[in-house]
There are 6 protein chains.
Amino acid sequence: MMAETWLPSLKTAGPQEGFELAAKLARLGVKLTQPSADVRDKLRANYEQDSAQLIASSQVIAVHFQTIAAANGYWRD
Amino acid sequence: MMAETWLPSLKTAGPQEGFELAAKLARLGVKLTQPSADVRDKLRANYEQDSAQLIASSQVIAVHFQTIAAANGYWRD
Amino acid sequence: MMAETWLPSLKTAGPQEGFELAAKLARLGVKLTQPSADVRDKLRANYEQDSAQLIASSQVIAVHFQTIAAANGYWRD
Amino acid sequence: MMAETWLPSLKTAGPQEGFELAAKLARLGVKLTQPSADVRDKLRANYEQDSAQLIASSQVIAVHFQTIAAANGYWRD
Amino acid sequence: MMAETWLPSLKTAGPQEGFELAAKLARLGVKLTQPSADVRDKLRANYEQDSAQLIASSQVIAVHFQTIAAANGYWRD
Amino acid sequence: MMAETWLPSLKTAGPQEGFELAAKLARLGVKLTQPSADVRDKLRANYEQDSAQLIASSQVIAVHFQTIAAANGYWRD
């Protein structure tokens, strides 16, 4: 589907980069289901104005952040 | 229900393949509940245009990715 | 409620059987809340045509699969 | 709120009893928010006929079952 | 926002106190987003009669209970 | 997107600060999807009066709190 490399590692320099990666993975989950950038752009205009969907997006980010934080040993060192 | 082998292992070469496997498992969860490909195709035309359902799909992928990432030791090596 | 044995173990031969067990547990969760097979059959006709509910079912399977995968050490050996 | 002991332990004899305990905890979560048995009975008549709510209940059971399974070492022995 | 100490520890005497703490954390999550007690009381009258929202509340409790149970080593001793 | 440092660490002095950090991360998840403060303020006026969305926000906080609690070894010492 997407031939290039878009997720080489779960390692990040710190929690902030980990959070941004989590947001990227949340978007990638949508992209894998709806590959058309045109359709996604049209939908984005809609859900960006819908607080329930923004909260749902934040929930997806939270689950991915949990995974990424564990992968990085919670950046404890 | 589905006689062939469709999930031999949770091991993947890296996080990207793990993410694609997570998306596959999310679809398989739907397939086990609605086995008819015809009905699924009809429904897909609908939910691909619905951002709330795309976000919900992304959430299912996130949970499966958590499982697969743990199964692969977060591809740390 | 249900006198017979319907969940003797979380051990499965591999990930595919684990996924099928996860789907079974998702259905059992519904069954424990709505014990009537007649009512469940009537409802099934409805939610099998509703992509949002199919995605929600897939989410329940994902959570159970996480549990079962951990119980089986992710079938690593 | 509820003076008696209603959750002495997370230990169960096996996964089946663990699943039943998970269903009990899901109900207890509702009870702590809506203490009136009369109101709950009225609501139950409603959500028992609503597949979306039955799936949501199954999701709560799945999260509790994950906790209980971990508490019991997945009943591996 | 709230100056006093309202969460000194995740340790509880047993699972029942842990479950009650989980319910408290679920309420605190709402309180941090909607600080007005007046508004919350008005909303409570509404969601206490809505089974879908009661199930959603039970789901939040389940996630917190998972955290608290892990924090207490599942009260195994 | 946001150049400054807004998440230097997951370490907190205790569970209460951890819970507040979880609430911050839930808001950050919304912010990464909807960067406009004006739009977010307008939406906030809406979801603060909607108990279903407050419960959904509480759910996002719960997932982040789970991550942060694990990162802090559950503040056991």
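Six-fold relation and the C–D interface

Guide: In this predicted model, a turn of 60° with a shift of 0.0 Å along the axis lays chain C on chain D, at an RMSD of 0.0 Å.

Visitor: Why is this called the relation of a six-fold axis?

Guide: Because the turn is 60° and the shift along the axis is 0.0 Å, the relation is that of a six-fold axis.

Visitor: Which residue of chain C comes closest to the rotation axis?

Guide: C:V63 does, with its C-alpha at 6.8 Å. The two copies use different surfaces, as 15% of the contact residues of chain C recur in chain D.

Visitor: What makes chain C and chain D count as being in contact?

Guide: The cut-off is heavy atoms within 4.5 Å. By that rule, 33 residues of chain C are in contact with 26 residues of chain D.

Visitor: How much area do chain C and chain D bury between them?

Guide: About 2,500 Å², summed over both chains. Carbon and sulfur atoms carry 64% of it. On the chain C side, C:T33, C:L43 and C:T67 supply 21% of the area buried against chain D, more than any other three residues.

Visitor: How many salt bridges does the rule find across this interface?

Guide: It finds 0 between chain C and chain D. To count, a side-chain nitrogen of Lys or Arg must be within 4 Å of a carboxyl oxygen of Asp or Glu. Polar contacts are another matter: 12 residue pairs are counted between chain C and chain D, both residues at pLDDT 80 or more.

Visitor: Which helices of chain C supply at least two residues each to the side that touches chain D?

Guide: α1 (15–33), α2 (37–47) and α3 (51–71) of chain C. The largest share, 11 residues, comes from α3(C).

Visitor: How do the residues on that side of chain C divide by type?

Guide: Into 18 nonpolar, 14 polar and 1 charged.

Visitor: How do you know which chains do not touch?

Guide: Two pairs can be named. No contact joins chain A and chain D, and their closest C-alpha atoms lie 14 Å apart. Chain B and chain F do not touch either, with nearest C-alpha atoms 12 Å apart.

Visitor: What confidence does the predictor give?

Guide: The model scores ipTM 0.96 and pTM 0.96. Chain A has a mean pLDDT of 95, and 96% of its residues reach 70 or more. Within chain A, confidence is lowest in helix α2 (residues 37–47), at a mean of 93, and highest in helix α3 (residues 51–71), at 98.

How values were computed
Residues numbered from 1 in each chain as written. Chains lettered and ligands numbered in written order. Heavy atoms only, no water. pLDDT = per-residue confidence, 0-100. Helix = DSSP H or I, 4+ residues; strand = E, 2+ residues; numbered from the N terminus. Least-squares fit on C-alpha atoms with pLDDT ≥ 70 in both. Buried area = accessible area lost by both parts, 1.4 Å probe. Polar contact = N/O pair within 3.5 Å; in protein donor to acceptor, adjacent residues only side chain to side chain. Nonpolar A, V, L, I, M, F, W, Y, C, P; charged D, E, K, R; others polar.
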